[in-house]
Amino acid sequence: MVLASTAVRVDPGAPLPEEDVMGLLDMVGGLLGQGGQAQGGNPLMGAVMGLIQNHPGGLQGLLGQFQEKGLGDQVASWIGTGANQPISPEHVQAALGSDQLQQLAGQLGVSHDQAASGLADLLPQVVDKLSPQGSLPEGGMGMDLLKKFLS
């Protein structure tokens, strides 16, 4: 039996339909079994989302810090449609700096090393899910996704 598939062309600059936005939020939340809700889920997911939301320049600004530290190829892989390249806890430390990482560790009640390790595991996945079409959300779309996820 041969099944026909229908290709759907998507304009990367067009806003996503509401059902797609909710699907993205569910995927991001589902990374750690949260079902799209930050409350009651893994505190690291909430911390990552807060880090993105509160960072000057939002997601683009945060990723810019990683690119400035020589991690442009890794960041590009998270945004692109291929496999995500990993980063190490040391990369997270270099990009964020001790103060920001220590603050995050304090919020989570974990060690500095545990916070760096958790971010190294989770950040590529979150960025990947927030850029499903191989590009970062335009304008305020990324912040809109984060706000809906965190509310």
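**A walk through an all-helix chain**

Hi everyone, let's begin with the chain as a whole: of its 151 residues, 39% are buried. Please keep in mind that this is a predicted model.

What about secondary structure? The chain has eight helices and zero strands, so as you read along the sequence the pattern is simply α-α-α-α-α-α-α-α. On contacts, take the pairs with a separation of 6 or more: 65% of them join residues 24 or more positions apart. As for the outside, the accessible surface of the chain is about 8100 Å², and carbon and sulfur atoms contribute 52% of that.

Now let's zoom in on two of the helices. Helix α3 covers residues 58–68, and helix α4 covers residues 72–79. How do α3 and α4 pack? Their axes are 7 Å apart, at an angle of about 145 degrees. On the α3 side, the contact is made by Leu63, Phe66 and Gln67. On the α4 side, you'll find Gly72, Val75, Trp78 and Ile79. Sorted by character, the residues of this contact are five nonpolar and two polar, with no charged ones.

Two names from that contact deserve a second look: Phe66 and Trp78. The count of aromatic pairs comes to one. Here it is: the ring centres of phenylalanine 66 and tryptophan 78 are 6.1 Å apart and the ring planes are at 70 degrees, so the pair is edge-to-face. Why that label? Planes over 60 degrees apart count as edge-to-face, and the planes of this pair are at 70 degrees. Phenylalanine 66 belongs to helix α3 and tryptophan 78 to helix α4, with their positions 12 residues apart, and the pair links distant parts of the chain.

Are these two residues buried or exposed? Phenylalanine 66 has 1% relative accessibility, so it counts as buried. Tryptophan 78 has 0% relative accessibility and counts as buried too. The cut-off behind both calls is under 20%.

Let's finish with another residue of helix α4, serine 77. Is serine 77 buried or exposed? Its relative accessibility is 11%, so serine 77 counts as buried. And which residues does serine 77 touch, leaving aside those up to four places away in sequence? The answer is Gly82, Ala83, Asn84 and Gln85.

So, if you open the model yourself, try starting from helices α3 and α4 and their packing, then look for the rings of phenylalanine 66 and tryptophan 78, and then serine 77 in α4. Thanks for listening!

Technical notes. Residues numbered from 1 in each chain as written. Predicted model: local features only at pLDDT ≥ 70, side-chain atom pairs only at ≥ 80, totals over all residues. Heavy atoms only, no water. Helix = DSSP H or I, 4+ residues; strand = E, 2+ residues; numbered from the N terminus. Buried < 20%, exposed > 50% of the residue type's maximum accessible area, 1.4 Å probe, protein only. Contact = heavy atoms within 4.5 Å. Areas by Shrake-Rupley, 256 points an atom, 1.4 Å probe, with all protein chains shown as cover. Axes fitted to C-alpha atoms, helices over the stretch in contact; angles between N-to-C directions. Nonpolar A, V, L, I, M, F, W, Y, C, P; charged D, E, K, R; others polar. Phe/Tyr/Trp six-rings, centres within 6.5 Å; stacked < 30°, edge-to-face > 60°.
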